[in-house]
Amino acid sequence: MAEHNELGKLGEEMAAKYLAEKGHVILHQNWRFSFYEIDLISLKDGTVHIVEVKSRSSKYFGLPEASVSKKKYRDLMKATDVFLSQHLQYRYVQLDILSINMVSTNEVEYFLIEDVFY
């Protein structure tokens, strides 16, 4: 597996643990439909959280959250629509970005941007 894929997988595992510690119940990791994918889907206080996880091991290319493109937003919106049509029991939803910057093994920075749009 390529190094960036390993970093992404590690980041998603760290994100699930981080959100669980904040009171989220993890419903799905890497939920897929057709060519759409949602990194994490969690539930907290009756709201479904669609979470895009971005991880980096260096600040050289900028902050992780800055790499979420307009195309990615559109794809997340479409994936969210499909997910909600398959799970009619959920009424409230929000999209979040969880940025994880692993500058060193001793220093991990989490930055959760909640309710980005929808």
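How many salt bridges does a search of the whole structure find? The search turns up 3, where a salt bridge is a side-chain nitrogen of Lys or Arg within 4 Å of a carboxyl oxygen of Asp or Glu. Before going on, keep in mind that this is a predicted model, in which local features need pLDDT of at least 70, side-chain atom pairs count only at pLDDT 80 or more, and totals for chains, interfaces and linings use all residues. Residues are numbered from 1 along each chain as its sequence is written, and side-chain values use heavy atoms, with hydrogens and water left out.

**The chain as a whole**

- The chain holds 2 helices and 5 strands; these are DSSP runs, numbered from the N terminus, with helices being H or I of at least four residues and strands being E of at least two.
- Walk along the sequence and you meet them in the pattern α-β-β-β-α-β-β.
- Of the 118 residues in the chain, 41% are buried. Here buried means under 20% relative accessible area, exposed means over 50%, and partly exposed is in between (1.4 Å probe, protein chains only).
- The accessible surface of the chain is about 7200 Å², and carbon and sulfur atoms account for 52% of that. Those areas come from the Shrake-Rupley method with a 1.4 Å probe, and for residues only the protein chains shown count as cover.
- Take the contacts between residues at least 6 apart in sequence: 52% of them join residues at least 24 apart. A contact means heavy atoms within 4.5 Å.

**Strands β1, β2 and β3**

- Strand β1 (residues 25–33) runs antiparallel to β2, and 7 bridges join them; two strands pair if DSSP finds at least two bridges between them.
- In this pairing, H28 sits opposite I41 in β2.
- β2 also pairs with β3, again antiparallel, over 5 bridges, and there S42 stands opposite H49 in β3.
- Strand β3 (residues 47–56) is mostly covered, with 9 of its 10 residues buried.

**Two turns with a positive phi**

- Most residues other than glycine have a negative phi.
- S34 goes the other way, with a positive phi near 55 degrees. It lies in the loop between β1 and β2, a hairpin with 2 residues between the strands.
- S34 is exposed, at a relative accessible area of 61%.
- D45 is not a glycine either, yet its phi is positive at about 50 degrees. You'll find D45 in the loop between β2 and β3, where the hairpin has 2 residues between the strands.
- D45 counts as exposed, at 73% relative accessibility.

**The salt bridges**

- Side chains of opposite charge can pair when their charged atoms come close.
- E52 pairs with K54, the closest N and O atoms being 3.5 Å apart.
- E52 also meets K72 in a salt bridge (3.6 Å, N to O). That pair links distant parts of the chain, with E52 in strand β3 and K72 in helix α2, 20 residues apart.
- E52 is buried, with a relative accessible area of 3%.
- K71 and D75 form a salt bridge as well, at 2.8 Å from N to O. Both lie in helix α2, 4 residues apart, about one turn of the helix.
- K71 is partly exposed at 48% relative accessibility, whereas D75 is buried at 18%.
- Salt bridges that share partners tie E52, K54 and K72 into one network.

**D39, a buried charge**

- D39 lies in strand β2 (residues 36–44).
- What is the nearest side chain of opposite charge to D39? It is K72, 5.5 Å away, and D39 is buried yet has no salt bridge. For charges, Lys and Arg count as positive and Asp and Glu as negative, while His and the chain ends are not counted.
- The side chain of D39 does reach the backbone nitrogen of V53, at 2.8 Å.
- Leaving out residues up to four places away in sequence, D39 touches E12, H28, Q29, N30, V51, E52 and V53.

**T80 in the second helix**

- T80 is found in helix α2 (residues 70–86) and is buried, with a relative accessible area of 0%.
- The C-alpha atoms of T80 and I50 are separated by 7.3 Å, though the two residues are 30 apart along the chain.

Key. Polar contact = N/O pair within 3.5 Å; in protein donor to acceptor, adjacent residues only side chain to side chain.
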